[in-house]
Amino acid sequence: MDALTKALVAGAIGLAAGLWSSESVLRVTSGLDARTIGAWTASVDAGVQEADPYTRASIERSGEIPLALGEGLQLVAHTDDSGAALSPRCVYRVGSRAPAARYWTLGLVDRVGFPVDNAAKRAVFRSSELLRDEKGGFVITVSADARAGNWLPIGGSQRFYLVLRLYDSPFSATAAAIDKDALPRIVRESCR
Amino acid sequence: MKSPTSTLRLVFDLATIAIGGALTAGLVHIVSILIVPLYASNDAFARLSALGPINATIALPQASADSRLIPFGDPAVAVAFCRYDLRNGPLRVTAPAARYEYSSLSFHTNRGGIFYALTDRAAAQGQFDALVATDEQLRAIASRESEDEPSQDLRIVSPTYEGFVMMRAFSEAPSLYPLAQARTRGLKCQPEAPQS
């Protein structure tokens, strides 16, 4: 085998492997700075100018406009507390506390970040419209079938993510400081 | 039958290719990650640019399953934006800031970075008012001012000529969304006339 052939083969393999690795990293990552707390992941650097290259590339590619540090913080859950992927065939209880923030919302999105259509026309729960218990706690039931109380419907039959957004929160600059117990737990109740 | 030398030769060739391939892969990976922000033609700025001219206030549709422009938008939050180009001079940004509900302004470069943000809590007299300018333009403005009457302006240095200002307004209930949207429509972005 002459040197040119070797160089061409190595170059082709390298190009394919390099592009494939970038593609797969950007598909799953939320950046080098991603902090995982329980089932929730926050990308703290998304809202700053000096974000790391992975964070920047993943934001550019998705076209998302992150919250700035001074505005708030977004956390995304791909799984429940046990680590199992969120499934439209299951019923989840989300609660009972949320980190300190002036307002927060809990929404359901598909795997590219858009709300999922559902018959009840509800894509998000606001902290200002929740039914709460006597201690100020709450439970939001995430399920395909209608539930009494705070019900966040699962539309469609695709896997989904839950998004928790904190507005005007003291934690926006320091997601690392959020205690796991301060975030809502995502407990799977039952599955079909 | 192959001689031991030719087998050895083949192993050596494959090892060279594997090492060369791995090195190339590493280089391609790093370069491709770094150039995505420079060449992403479908980033947020490009998507917003398609919606209208610079300095115009444009409301984004409420996040829903049907409006798939910008992902991870909050259906509880109304959003409007304006693009700017500081080559036309500094930009005056004003917007109403209601006293009890959350609203915010964030300032973005055309390359996906956020260089400033403030919420209604930092707005004086129920009004956001800021001047966005390049470093050079700000120095020119400062040199024209007298030291006895320092300006009360909120001045923000934009690291790039082009970018956009985004206003978010929170709605406390679904029925209040139209009001939040009306507030975001109050965002005004105007090039500041150069003072002589």
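**A walk through a two-chain model**

In the hairpin that β4(B) and β5(B) form, four residues lie between the strands, and B:Gly112 takes a positive phi near 90 degrees. This is a predicted model. The two strands of the hairpin pair in the antiparallel sense, over five bridges. One of the pairs can be named: B:Ser106 has B:Ala117 in β5(B) as its bridge partner.

Now step back to the whole of chain B. Four helices and nine strands make it up. Read from the N terminus, the elements run α-α-β-β-β-β-β-β-α-β-β-α-β. The radius of gyration of chain B is 25 Å, whereas the globule rule gives 16 Å for 196 residues; the value is well over the rule, so the chain is more spread out than a compact globule. The C-alpha trace of chain B spans about 90 × 50 × 30 Å along its principal axes. Of the 196 residues in chain B, 36% are buried. Take the contacts in chain B between residues at least 6 apart in sequence: 71% of them join residues at least 24 apart.

Next, a sheet in chain B. Its four strands follow the order β7-β6-β3-β9, the sheet is open, and the pairing is mixed. At the edges stand β7 (154–157) and β9 (188–191) of chain B; each has a single partner strand, so one side of each is left without a neighbour in the sheet. On average, neighbouring strands of this sheet are turned by 25 degrees against each other, direction ignored. Strand β6 (residues 127–133) of chain B runs parallel to β7(B), and four bridges join the two. Within β6–β7, look for B:Ala130, which stands opposite B:Leu154 in β7(B).

Where do the chains meet? In all, 47 residues of chain B are in contact with 53 residues of chain A. Five elements of chain B each supply at least two residues of the side that touches chain A: α1 (4–39), α2 (44–49), β4 (103–109), β5 (114–119) and β8 (162–170). Of these, α1(B) gives the most, with 17 residues. Sorted by class, the side of chain B that touches chain A holds 26 nonpolar, 14 polar and seven charged residues. The hairpin strands from the opening, β4 and β5 of chain B, are thus back in view at this contact.

Turn to the nonpolar interior. The largest nonpolar core has 79 residues. Residues of both chains are among those with the most contacts inside it: A:Leu108 and A:Leu162 from chain A, with B:Phe81, B:Val93 and B:Val165 from chain B. Strand β2 (residues 77–85) of chain B gives this core its largest share, seven residues.

Which strand of chain B holds B:Phe81? B:Phe81 is found in β2 of chain B. Why does B:Phe81 count as buried? Because B:Phe81 has 25 C-beta neighbours inside 10 Å, and 20 are enough for a residue to be buried. Neighbours within four places in sequence aside, B:Phe81 is in contact with B:Leu48, B:Ile58, B:Leu60, B:Phe164, B:Val165 and B:Met166. B:Gly126 makes a useful reference point: B:Phe81 and B:Gly126 are 45 residues apart in sequence and 19 Å apart in space, C-alpha to C-alpha. B:Val165 has its own list, again without neighbours within four places: B:Phe81, B:Cys82, B:Tyr84, B:Val93, B:Leu105, B:Phe107 and B:Cys189.

Chain A comes last. It has two helices and ten strands. From the N terminus, the order of its elements is α-β-β-α-β-β-β-β-β-β-β-β. Buried residues account for 43% of the 192 in chain A. Among contacts in chain A between residues at least 6 apart in sequence, 66% join residues at least 24 apart.

One strand here deserves a look. In β9 (residues 161–167) of chain A, seven of the seven residues are buried. A:Tyr161, A:Val163, A:Arg165 and A:Tyr167 point one way from β9(A), while A:Leu162, A:Leu164 and A:Leu166 point the other way. Two partner strands can be traced. Strand β3 (residues 72–77) of chain A runs antiparallel to β9(A), joined by six bridges. In that pairing A:Val76 stands opposite A:Val163. Strand β5 (residues 103–109) of chain A is also antiparallel to β9(A), with seven bridges. There, A:Val109 has A:Tyr161 as its bridge partner.

Note on methods:
Residues numbered from 1 in each chain as written. Chains lettered and ligands numbered in written order. Predicted model: local features only at pLDDT ≥ 70, side-chain atom pairs only at ≥ 80, totals over all residues. Contact = placed C-beta atoms within 7 Å. Nonpolar A, V, L, I, M, F, W, Y, C, P; charged D, E, K, R; others polar. Rg over C-alpha atoms; globule rule 2.2 N^0.38 Å. Buried ≥ 20, exposed ≤ 12 C-beta atoms within 10 Å, placed from the backbone. Core = buried A, V, L, I, M, F, W, Y, C linked by C-beta atoms within 7 Å. Pairing = 2+ DSSP bridges. Axes fitted to C-alpha atoms, helices over the stretch in contact; angles between N-to-C directions.
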